[in-house]
Amino acid sequence: MARDTTDQTPLSSVQDLTDYIAAGNKPRERFRIGTEHEKFAFFRADNSPVPYFGDASISALLTGLQAKSGWEPIMDGGNIIGLAEQSGMGAISIEPGGQFELSGAPLETIHETCRESNQHLATLREIAEPMGIRFLGIGGSPKWTYAETPQMPKSRYEIMTRYMPKVGSQGLDMMYRTCTIQVNLDFSSEDDMRKKMRVSMKLQSLATALFASSPFTEGKPNGLLSWRGDIWRDTDNRRSGLLDFTFRDDFGFRDYAEWALDVPMYFIVRDGRYHDCTHVTFRQFMNGALKGEIADPAPTMGDWTNHLSTLFPDVRLKRFLEMRGADGGPWRRICALPAFWVGLLYDDAALDAADQLTKDWSFAEIGALRDAVPAQGLKADFRGHPLFDMAREVVGISRAGLKARGKLNREGQDETIFLAPLDEVLAKKATLAEDLLSLYHGRWNGSVEPVFEDYQY
């Protein structure tokens with residue numbers, strides 16, 4: 001999320017909160033695809049991280065992009081922390097450790113998504129190249145320690161950095177040393193949301209396995225295929241992970257709002273200043289807990305919108321659904337991740353097939369799979385078979401869904417072409433993380449340094 005909102009609409013009831021989410025309902029013809037991807041900025045000369053301040057820096061990249069694109073700068077305490085496209089359809093933001101993120105515009109096809117990502121990367125290279133800066137596309141920082149990783153001057157991150165060690169052992173690594181690819185997808189009704197949430201929550205660990213690309217930490221193998229996936233097992237379990245109530249037949253918008261109400265807040269913004277609110281839940285805030293602490297203690301819609309953006313379940317519900325399970329990766333995967341989920345969720349027959357396939361999966365089974373995947377990837381056991389077998393079936397459903405959509409590019413190709421990176425994983429029976437480990441133990445001669453050359457954007 002590039003910008004914290006300041007909508008001053010007052011809140012008076014839980015129904016107001018529920019109605020805000022439900023307003024995401026839209027007709028199928030207005031369904032869109034919003035893709036986000038993060039990457040690590042590094043100096044090509046020595047593979048060191050790029051700081052925020054300086055002539056060659058994150059702030060200089062943002063300033064250069066602003067001048068070239070004309071997008072509106074987003075400021076925090078006098079520092080540029082992002083860019084927003086004037087119509088609000090796209091944004092560029094920075095993650096806590098300087099990870100550079102494109103939050104793409106809502107687009108109709110994966111073809112458009114891929115063109116958008118490629119254009120973004122090409123423009124970014126123009127600005128970054130004279131500074132000696134490149135970008136790395138994998139899921140976890142392979143070399144830098146936490147102490148070596150720069151910290152961005154962003155108010156919400158200062159609050160999170162203080163709070164994370166109180167609620168989990170790996171929250172700071174999540175913030176500063178991981179990258180992801182995500183896709184945001186629409187729903188037409190509460191029933192449609194329920195079905196898509198149920199299917200995608202159950203299959204999120206499979207996506208983690210397919211996109212695993214974070215096997216290194218501080219210059220050596222970490223014993224995992226998705227270090228990022230493991231980090232989410234102990235970041236802040238009150239606001240992240242699997243949500244068992246989403247599997248209920250009567251799950252709806254109100255249930256998610258009620259859950260969100262009882263999650264501790266991070267902050268509220270008043271007059272441009274961030275106030276640390278980690279000591280209260282949103283429900284306590286609604287009941288007057290901040291009276292006497294701040295000048296304007298009445299909850300607003302902006303507070304609720306910002307709070308929803310600080311919740312981190314495997315699938316996040318706002319006015320759309322966010323698929324949050326995948327590691328970051330090379331550019332082809334920026335297109336593969338939305339293709340995988342669009343194929344499953346945007347075609348009725350595919351969604352029905354995925355729902356039927358996962359119908360009897362228990363919450364305990366899904367939790368056990370989520371625990372196993374970071375280390376075992378597609379070799380993780382599921383009901384006596386390697387997850388690889390299920391992956392092949394699910395990718396097949398996605399392919400059928402994409403084919404049924406019939407969205408063609410100028411060459412007459414449909415969106416199934418973007419599943420190629422997953423087809424390669426299935427053909428080799430090896431994830432990108434396993435490819436990286438093979439290189440480390442082979443051609444790279446026990447060094448992670450070549451990853452910066454071989455997997456840069």
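The following exercises, each with a worked solution, concern aromatic rings, helix packing and individual residues in a predicted model.

Local features require pLDDT of at least 70 and side-chain atom pairs count only at pLDDT 80 or more, whereas totals for chains, interfaces and linings use all residues. Residues are numbered from 1 along each chain as its sequence is written, and side-chain values use heavy atoms, with hydrogens and water left out.

**Exercise 1. Aromatic pairs**

Task: Classify the pair Phe187 and Phe253, and state where the two residues lie.

Solution.
- Step 1. A pair of aromatic rings is described by the distance of the centres and the angle of the planes.
- Step 2. Rings of Phe, Tyr and Trp (its six-membered ring) pair if their centres lie within 6.5 Å; planes under 30 degrees apart count as stacked, over 60 as edge-to-face and the rest as tilted.
- Step 3. The structure holds 22 aromatic pairs. In the pair of Phe187 and Phe253, the centres are 5.6 Å apart and the planes stand at 45 degrees, a tilted arrangement.
- Step 4. Helices (H or I, at least four residues) and strands (E, at least two) are DSSP runs, numbered from the N terminus. Phe187 belongs to the loop between strand S7 (181–185) and helix H6 (190–210), and Phe253 to helix H8 (residues 253–261), so the pair ties together parts that are 66 residues apart in sequence.
- Step 5. Buried means under 20% relative accessible area, exposed over 50%, and partly exposed in between (1.4 Å probe, protein chains only). Phe187, at 0% relative accessibility, is buried, and Phe253, at 4%, is buried as well.

Task: Carry out the classification for Trp361 and Phe382.

Solution.
- Step 1. The ring centres of Trp361 and Phe382 are 4.6 Å apart and the planes are at 55 degrees, so this pair is tilted.
- Step 2. Trp361 is found in the loop between helix H12 (348–358) and helix H13 (363–376), while Phe382 is in strand S16 (residues 381–382); the pair therefore ties together parts that are 21 residues apart in sequence.
- Step 3. Trp361 counts as buried at 6% relative accessibility, and Phe382 counts as buried at 7%.

**Exercise 2. Charges over rings**

Task: State which ring lies beneath Lys202 and which beneath Arg239.

Solution.
- Step 1. A charge sits over a ring if NZ of Lys or CZ of Arg is within 6 Å of the ring centre and within 35 degrees of the ring normal.
- Step 2. The charged end of Lys202 sits over the ring of Phe247, at 5.5 Å from the centre.
- Step 3. Arg239 lies over the face of Tyr266, with 4.0 Å to the ring centre.

**Exercise 3. Packed helices**

Task: Describe the packing of helix H11 (residues 331–345) against helix H14 (residues 387–405).

Solution.
- Step 1. Two packed helices are described by the angle between their axes and the distance between the axes. Axes are lines fitted to C-alpha atoms, for helices over the stretch in contact, and angles run from 0 to 180 degrees between N-to-C directions.
- Step 2. The axes of H11 and H14 come within 7 Å and cross at roughly 75 degrees.
- Step 3. Angles under 35 degrees count as roughly parallel, over 145 as roughly antiparallel, 65 to 115 as roughly perpendicular and the rest as oblique. H11 is therefore roughly perpendicular to H14.
- Step 4. Contact means heavy atoms within 4.5 Å. Among the residues that make the contact are Ala339 and Phe340 of H11 and Val394 and Val395 of H14.

**Exercise 4. Covered or open?**

Task: Determine how many residues of helix H10 (residues 301–308) are buried, and which elements they pack against.

Solution.
- Step 1. Eight of the eight residues of H10 are buried, and the helix is mostly covered. Trp304 and His307 are among them.
- Step 2. The buried residues of H10 pack against several elements, including helix H1 (14–22), strand S11 (267–270) and helix H9 (282–286).

**Exercise 5. Positive phi**

Task: Compare the surroundings of Asn47 and Lys429.

Solution.
- Step 1. Most residues other than glycine have a negative phi.
- Step 2. Asn47 has a positive phi, near 60 degrees, and Lys429 has a positive phi, near 55 degrees.
- Step 3. Lys429 lies in the loop between helix H15 (420–428) and helix H16 (432–441), and Asn47 in the loop between strand S1 (33–43) and H2.
- Step 4. Asn47 is buried at 12% relative accessibility, whereas Lys429 is exposed at 54%.
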